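Reader: Could you take me through one part of this model up close? I'd like to hear about the salt bridges, and who is tucked away and who isn't.

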Amino acid sequence: MTDRLTFDAIVVGAGPAGVAAALTMARGGLNVIIIERGRFAGAKNLFGGVFYTHALADVLPDYWERKPPFERPVTEQGYWMLSPDSAIRVMHKSERYLKEPADAYTVLRARFDPWFAEQAAAAGALLITRTTVTQLLKDERGRAIGVDTDRPEGKVYAPVVIIAEGVNNLLTQQAGLIASDLPPKYVALAVKEYINLPAKDLQTRFGLSGPREGVAIDVFGDVTLGLPGTGFIYTDQSGISIGVGMLLDEFVTHRLRPYEVLERFKRHPVVRPYLEGGEVREYGAHLIPEMGYDRMPKLASDGVMVAGDAAGMVDALHREGTNLAITAGRMAGETALAAHQAGDFSAAFLSRYRRSLEGSFVLKDMKQYRRMTDFLESSPQFMGTYVNLLNEAALRYFTAHGIPKRTMEHDILKMVRERRSFTGVAWDMLKLMRAMRG
Ligand code: FAD
């Protein structure tokens, strides 16, 4: 009989959640293996993306000295609300965003993920790439005891497995933590391009004074043809990340092709000038779980925990996911360390993980925005009617028609009333407040 390949802990997936878990456990002295199916960590990963440093600082307090491959600090951010030919732009800029390390940086995952995985390897974790975990191994009592992989004789054993497999949560299902695939109503599909632009053009167009300034813009309205969803434009070191995301069932119901929606966004008269002369260097698509708090899987069972996108930990309203993933990965890692100390890997012991998350912003925010996806789907007027109305109203307000201002105000009110009654507006605002407050 061959010896079993045994570790103190197995982590599935070298995304932010998995690496944070492995780093935490390796620094705590455990013998950890991270198994990643990509050619390298980050090879298969794509996001917007704005990366928040607070969660990274909690797992790697000296991250700044380790020179993370950030693109630009986010020193200006806000929203563009697009109608078919106009935009209302609400941007926030502050001196306080200029202090580094900043709260948020734009990041390209193909550069960031390998760096983050290297930090876990430096702490002693063993990173195995090009290897897919195909199965969760369980003992006769149903407790997780390891994983099988697509390698010959690829079984690996450990008393605790942390699943950080991202949105395609096959192992989470196998572990019995969630019943089935996410319905298309609760998964968004996002497409993104990275467009190369000389840094000088980028800075002039976005009003940046140098490489230590950057912009993050989230876009609503015509970007998704008035349907629930968002677009984004983020400045990288010498390029732009631009993308669009919508719930899968909206693409299906309205027979839209994701790539065409993105092309349409790029052709918008307000957006086009920012991209002129740029060269598309990368294109990709990725799913985002938007199941919300009420449909999240169980977070732990005997010998197993789940973290990050696999557990639906995303706050789409604030475009946060990586920080939830890293915080959850860290907490799963801390729980595994405590389980090793206690020699107890039971579901009862590992339920500490959920309690830690409940005390943190991760589950507090998930709970607060639990109704957001349903609210936006049932209230399309927010992305359509209201955005168009605001743009129309702005156009009238800012144009000198040669008519008295009182008449212009009446015209605007009449226009609102024609598209939505005042009671309708009041009711919508109440629903919005409820969805925001949880
Ligand atoms: P992932 O990053 O998906 O990592 C999972 C890893 O597991 C992958 O490396 C994968 O290859 C590996 N894997 C999967 N299955 C297996 C297996 N069976 N065996 C071995 N390896 C496996 N978040 C933000 O904070 N800011 C943003 O601006 C932002 N924008 C986004 C824009 C888009 C278009 C998308 C798609 C997402 C965005 N997010 C953003 C969300 C964020 O990317 C995710 O929440 C985050 O990446 C989740 O991390 P994770 O480690 O849980 O999963």
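Author: Let's fix one term before anything else: a residue is buried under 20% relative accessible area, exposed over 50%, and partly exposed in between (1.4 Å probe, protein chains only). Bear in mind that this is a predicted model, where local features need pLDDT of at least 70, side-chain atom pairs count only at pLDDT 80 or more, and totals for chains, interfaces and linings use all residues. Residues are numbered from 1 along each chain as its sequence is written, and side-chain values use heavy atoms, with hydrogens and water left out.

Now the salt bridges, meaning a side-chain nitrogen of Lys or Arg within 4 Å of a carboxyl oxygen of Asp or Glu. Searching the whole structure turns up 23 of them. I'll go through a few, using helices (H or I, at least four residues) and strands (E, at least two) as DSSP runs, numbered from the N terminus.

Take Asp58 and Arg330: their closest N and O atoms sit 3.7 Å apart. Asp58 belongs to helix α2 (residues 53–59) and Arg330 to helix α9 (residues 322–342), so this salt bridge ties together parts that are 272 residues apart in sequence. As for who is tucked away, Arg330 counts as buried at 13% relative accessibility, whereas Asp58, at 46%, counts as partly exposed.

Next up is Asp218 with Arg319, a salt bridge of 2.8 Å from N to O. This one also links distant parts of the chain: Asp218 is in strand β13 (residues 215–221), while Arg319 is in the loop between β18 (304–306) and α9, 101 residues apart. Here the acid is the buried partner, since Asp218 has a relative accessible area of 10%. Arg319 comes out as partly exposed, at 21%.

Then there's Asp222 and Arg264, whose side chains meet at 3.0 Å, N to O. Asp222 lies in the loop between β13 and β14 (229–236), and Arg264 in helix α7 (residues 258–267), so the two tie together parts that are 42 residues apart in sequence. Asp222 counts as buried at 12% relative accessibility, and Arg264 is partly exposed with a relative accessible area of 29%.

Not everything comes in pairs, though. Lys185, Arg295, Asp374 and Glu377 are joined into one network by salt bridges that share partners.
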